[in-house]
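Here is a short, friendly tour of the structure for someone who likes to think in atoms and areas. Please have a look at the model first, and then read on.

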Amino acid sequence: MKPTETESSPAAAPVRAPEAVFEKIAVTIAEHPAEACRQLAAGIRQLIERRQAEGRQAVLGLATGSTPVPLYRELVRLHREEGLSFANVVTFNLDEYYGLERHHPESYHRFMCDQLFDHIDIDPDHIHVPDGTVPPDEILQYCQDYERLIDEAGGIDLQILGIGRTGHIGFNEPGSTRESLTRRITLDRVTRQDAATDFLGVENVPRFAITMGVGTILRARKIVLMAWGENKAGVVAEAVEGPVTEAVSASFLQGHGDATFLVDRCAASHLTRVRAPWLVGPVEWSAGTAFRAVVWLAQKCAKPVLKLVDEEYNEHGMSDLVTERGGGYPINIEVFNRLQQTITGWPGGKPDADDSNRPERADPYPKRVLVFSPEPQDALVAMGGVLERLIEQGHDVRFVAMTSGSLRVRDEDALRFCRVLLELSELSGEESWGGQEREAEKLVRLLDGKAPFSEDPQEVRRIKALLLRGEVRDACAVCGLARQRVLFLDLPFYERGRYRRFLSGPDDVQCCVEVLREFQPHQIYTTGATADPSSLSAVTYGVLESAFDQVRPESWSQDCRVWHYRCRENPYQPHEISMAMPLSPDQLERKARLLLGFQTISKVELAVCDENRDLAAAYDRLGLAEYEAIEALQRRR
Ligand code: PGA
């Protein structure tokens, strides 16, 4: 149903950028999520204040997940610092996990209270979040009532949305129809997988949810869908440029008169105007653009780079490049060489070699190297092979686990360990154990009596962190790294928060500054530059950036190169890679074994070995040498 209201919408209908010819929904690309959220919050403020002046209510449709976190922070700031009142605001949330009580730590009701409602002056009677505990035989009536309440409130003025990797809006998983209304739905496997970390394992993620339907959402007068980070790029492009289909419920927004996608650069990166701008209009053919375009063309034509012909360039918007360079073949050779030069078995640089065309410089040798890992296992997943090679090649490597990772350790694993400790202490007798026995007893008691997902007491977090420490040290030892070279920063923000709710502070930055000053590295490996800002890797990256800003005036930092790896995000594609490090079959096997040593490793993380193989296959198809597997890094620009 199209909006029928004649009153003015909260802001003017979206305007399409002229270069957006492939886009069927208006897309605004912001430099940063924070900036985008400031603008959106300003629009919400206008709506609320206009309604206040009219003596009326403003009706907001709200979303949960990582994506709206920066928006809610900005709204809370507007309330606290600029006196914005929410007294006339009525809210309807999109969805709730079925089976969760409203106070469950992972319920969306609790999330909304923590992120927004508890910090503003909204009337509790104006808040509507679907109830996850309605008995099965009352669900139908409950959902019809939810629809009625929305209509009685005058309909939704502004609906905020995120997008899941299945393309869902709300929990409208693939198969949801355009007409669907509020109902109970079975969650998709991918959606449950994405929530697995929050729930400490996919098996704990509820199977069902109550969600507004696509039809409910489309009745809103204005819709803004937000998406941040590289791993939303694919589904954003599908929803915006692809066909309208039940397979991607966000694509139904193409039929709404006032829907906008508000995305950051990373989430926009698969849109045609960003990914292949030569298809949209004339481009400046810098060496970088030409490289990207030719790799894209070879993949598009499913041909090795050296076999591309002029006609293929012409047919894909690249005729001016061919004219400029006097033919396609010289470009093929240039691009082939550049791809070839990304491949190296010497991630720390090859000593005494001509390094003019190598990804990393030869000198100094050996290099001081810091490998930063947000949670302890992240860097091993993404660059276990590179780490092994750096150590083998004699560099002075430190592995820096930024957070304790204790949130990932399951209660049952900690409990099993503590029970063993207790039994051992009983076997060994009181004399040798003393205090430790009492400690083990206390931990068993704490863990035994703990409700699943409730906050861990400090003692429990500590034992979980120690368990993970042991696993990381063992894994690093497989790579040849001595135990004392594995550092644990235990950044304080992690100990204060939960996933999606982390807030870093100056104490975190100070920890990183100290490590940087002490080791004065020549190389830093880190992740998170392109991730959703509320994710752990983005938060730790922000901390590291601030630390780096502080040491920038120090002379050693001029000689420090930063390399990015990707973990749990879209793996790098050949055109994005500055260093491709091949792994032998044996090395890949070792990496898989090393990862299996972690009790906390997820299926998604284990899939990295397949991704490493896929990347090698992609290089092979481009006409380069055929390797078993490749790990990829990008040099920070
Ligand atoms: P996210 O979820 O914001 O946590 O990525 C979005 C969604 O599933 O709608």
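Let us begin where two domains meet. Across the interface of domain 2 and domain 3, zero salt bridges are found by the rule. Polar contacts do occur there: the rule finds three residue pairs, with both residues at pLDDT 80 or more. That confidence value is a reminder that you are looking at a predicted model.

Where do these domains lie in the sequence? The protein is divided into domain 1 (26–272), domain 2 (276–342) and domain 3, which is made of two segments (368–408 + 468–636). Between the C-alpha centres of domain 2 and domain 3 there are 32 Å. Domain 2 brings 12 residues to the contact, and domain 3 brings 11 residues. About 960 Å² of area is buried between domain 2 and domain 3, and carbon and sulfur atoms give 64% of it. On the domain 2 side, Gln 299, Leu 339 and Thr 342 lose the most area to domain 3, together 49% of what that side buries.

Now for the ligand. Which residues surround the ligand? They are Gly 65, Ser 66, Thr 67, Gly 162, Ile 163, Gly 164, His 168, Lys 232 and Arg 500. Sorted by class, this shell holds one nonpolar, six polar and two charged residues.

Three of the distances from ligand oxygen atoms are set out here.

| Residue | Partner atom in the protein | Distance to a ligand oxygen |
|---|---|---|
| Ser 66 | polar backbone atom | 2.8 Å |
| Thr 67 | side-chain N or O atom | 2.4 Å |
| Lys 232 | side-chain N or O atom | 2.5 Å |

On its own, the ligand has 280 Å² of accessible area, and the protein covers 80% of that.

Technical notes
Residues are numbered from 1 along each chain as its sequence is written. This is a predicted model: local features need pLDDT of at least 70, side-chain atom pairs count only at pLDDT 80 or more; totals for chains, interfaces and linings use all residues. Side-chain values use heavy atoms; hydrogens and water are left out. A residue is near a molecule or strand if one of its heavy atoms lies within 4 Å of it. A polar contact is a pair of N or O atoms within 3.5 Å; within protein, one must be able to donate a hydrogen and the other to accept it, and residues adjacent in sequence count only if both atoms are side-chain atoms. Accessible areas come from the Shrake-Rupley method with a 1.4 Å probe; for residues, only the protein chains shown count as cover. Ala, Val, Leu, Ile, Met, Phe, Trp, Tyr, Cys and Pro count as nonpolar, Asp, Glu, Lys and Arg as charged, and the others, Gly among them, as polar. Domain bounds come from an automatic or database domain assignment. Contact means heavy atoms within 4.5 Å. Buried area is the accessible area (1.4 Å probe) that two parts lose on being put together, summed over both. A salt bridge is a side-chain nitrogen of Lys or Arg within 4 Å of a carboxyl oxygen of Asp or Glu.
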